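The exercises below are about one structure. Each gives a task, then a solution in steps.

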Amino acid sequence: MTSKISLAHGRDYLAIPGPSVIPDAVLQAMHRPSPNIYAGELVEMMPALTEDLRRVAGTRHDVAIYIANGHGAWEGALSNVIAPGETILAPASGRFTHGWAEMARAIGAEVELIDFGTSSPWDFDRIAEALKADTDHRIKGVLAVHVDTSSSIRNDIPALRDLLDELGHPALLMADCIASLGCDRFEMDAWGVDVMVAACQKGLMVPAGVSFVFFNDKAKAKRALMPRVSGYWDWQPRAEPDWFYQYFGGTAPTHHIYGLRAALDMIHTEGLEHVWARHERLAEAVWAACETWAEGGALHLNVSDRAHRSRAVTALRLTEGRGTPLRNYTESNLGLTLGIGLGMVCEDSYFRLGHMGHLNGQMVMGMLGGVETAMAALNIPRGAGALEAAAAALADKD
Ligand SMILES: *Cc1c(COP(=O)(O)O)cnc(C)c1O
């Protein structure tokens with residue numbers, strides 16, 4: 001027995017970069033008995049559901065849905081367009097690019113990885129070098145992680161498209177928007193992205209378990225040339241099903257469909273442009289607080305330039321391995337769970353703030369207040385006025 005009081009009793013706040021906070025409307029939509037999977041409402045929901053998903057992705061092209069997490073969508077995308085022995089180029093700004101590249105290697109691809117470290121965006125000169133050296137076009141796909149959730153780097157996808165076009169390189173531009181979709185602006189068709197992977201548990205606000213591969217006609221043409229495609233991951237019948245069963249290659253993820261329907265309604269009712277603008281404003285509040293704390297010398301934003309920061313997640317480093325103690329403090333004393341350091345040399349020094357999906361101004365202020373409280377309790381040196389700076393970022397725009 002301890003006599004110490006805890007301030008953790010109350011509504012917990014999971015502020016990690018996925019899974020994100022699930023809206024009550026999504027939870028309520030999922031709370032139902034199993035529906036008929038052969039006829040009726042569930043079957044009739046699918047055309048509008050896929051249409052609304054395509055609107056979030058900014059594409060008029062196809063989407064295949066998998067009962068899988070993001071790793072499944074990674075494999076689904078690769079399986080349809082990259083044959084054993086073919087090469088992919090992977091410009092890496094963090095752990096997740098390495099993960100996708102490892103999966104490519106596992107299906108027999110040759111991997112050309114350019115490692116930009118854990119706090120720098122792509123260097124287009126080095127990507128250009130690799131593409132120019134590939135005179136016989138062995139590279140069939142470029143694995144482009146939009147927001148790398150481990151580093152919180154946001155990469156410039158349109159600039160990568162421009163580079164491929166400028167060099168006349170025919171490789172497919174394959175984007176991972178698992179962390180960014182529904183948070184950071186992304187427009188698949190306007191940006192010339194050929195394949196895009198996403199999952200439902202981050203900006204889409206649904207429990208983990210469903211993921212997506214969007215693909216255009218160029219990717220479809222490459223799929224048609226494949227010597228073989230794994231039956232389960234084949235995107236063709238999922239995107240153009242003859243009957244309901246084929247959407248999911250078997251039994252549908254019934255409850256996820258209802259949850260996703262509710263989440264898409266929320267996104268489109270707010271308006272995608274407004275969803276992006278909300279994430280931008282909330283991220284500016286997070287950055288304002290973190291930049292102020294950083295003046296004390298103990299805390300560092302992993303990405304120094306705002307132009308390269310994600311609006312969905314912020315990776316931070318504390319000196320002397322104090323990231324883990326800070327997370328432990330907020331979780332056990334305040335009911336606030338922060339993200340662990342991932343893919344870093346000293347992971348205990350790092351922590352991440354998730355600010356994706358279903359969150360508003362008071363949640364972000366609460367999260368930042370929790371961090372401020374933990375820093376005070378742990379005597380971590382910090383600049384004064386971080387919460388005031390965050391409030392000003394939220395307040396002074398209109
Ligand atoms: C979360 C994430 C993944 C992995 O998704 P899982 O659902 O955990 O398999 C891959 N890429 C990025 C950018 C992510 O944020």
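**Exercise 1. Describe the five-stranded sheet: its strand order, its edges and a helix that lies on it.**

Step 1. Five strands make an open sheet with mixed pairing, in the order S1-S13-S14-S12-S11. Strands (E, at least two residues) and helices (H or I, at least four) are DSSP runs, numbered from the N terminus. Two strands pair if DSSP finds at least two bridges between them.

Step 2. Strand S1 (13–15) and strand S11 (299–301) are at the edges with a single partner strand each, so one side of each has no neighbour in the sheet. On average, neighbouring strands here are turned by 35° against each other, direction ignored.

Step 3. Strand S13 (residues 336–340) and strand S14 (residues 350–354) run antiparallel and are joined by two bridges. Ile340 has Phe351 in S14 as its bridge partner.

Step 4. Helix H11 (residues 323–334) lies across strand S12 (313–318), S13 and S14, and runs at about 155° to S13. Contact means heavy atoms within 4.5 Å. Axes are lines fitted to C-alpha atoms, for helices over the stretch in contact, and angles between N-to-C directions run from 0 to 180 degrees.

The model is predicted: local features need pLDDT of at least 70 and side-chain atom pairs count only at pLDDT 80 or more, while totals for chains, interfaces and linings use all residues. Residues are numbered from 1 along each chain as its sequence is written, and side-chain values use heavy atoms, with hydrogens and water left out.

**Exercise 2. Describe the seven-stranded sheet and the helices that pack on it.**

Step 1. This open sheet has the order S2-S10-S9-S8-S5-S3-S4, and its pairing is mixed. Strand S2 (62–66) and strand S4 (110–115) are the edge strands, each pairing on one side only. Its neighbouring strands are turned by 20° against each other on average, direction ignored.

Step 2. S2 runs antiparallel to strand S10 (residues 211–215), with five bridges joining them. Asp62 stands opposite Phe215 in S10.

Step 3. Helix H5 (residues 124–133) packs on the sheet and touches strand S3 (87–92), S4 and strand S5 (139–145), its direction making about 155° with that of S4. Helix H6 (residues 157–166) also packs on the sheet, touching S5 and strand S8 (172–176), and its direction makes about 170° with that of S8.

**Exercise 3. Why is S3 described as largely enclosed?**

Step 1. Six of the six residues of S3 are buried, so the rest of the structure largely encloses the strand. Buried means under 20% relative accessible area, exposed over 50%, and partly exposed in between (1.4 Å probe, protein chains only).

Step 2. In a regular strand, side chains alternate between the two faces of the sheet. Thr87, Leu89 and Pro91 are buried on one side of S3, and Ile88, Ala90 and Ala92 are buried on the other.

Step 3. Six bridges pair S3 with S4 in the parallel sense. Ala90 has Leu113 in S4 as its bridge partner.

**Exercise 4. At what angle do H12 and H13 pack, and which residues meet?**

Step 1. H12 and helix H13 (residues 386–395) pack at about 165°, with axes 10 Å apart. The two helices are therefore roughly antiparallel (an angle over 145 degrees).

Step 2. Gly361, Met365, Leu368, Gly369 and Glu372 in H12 meet Ala386, Leu387, Ala390, Ala391 and Leu394 in H13.

Step 3. Ala377 belongs to helix H12 (residues 361–377). With 39% relative accessibility, Ala377 is partly exposed.

Methods
Parallel < 35°, antiparallel > 145°, perpendicular 65-115°, else oblique.
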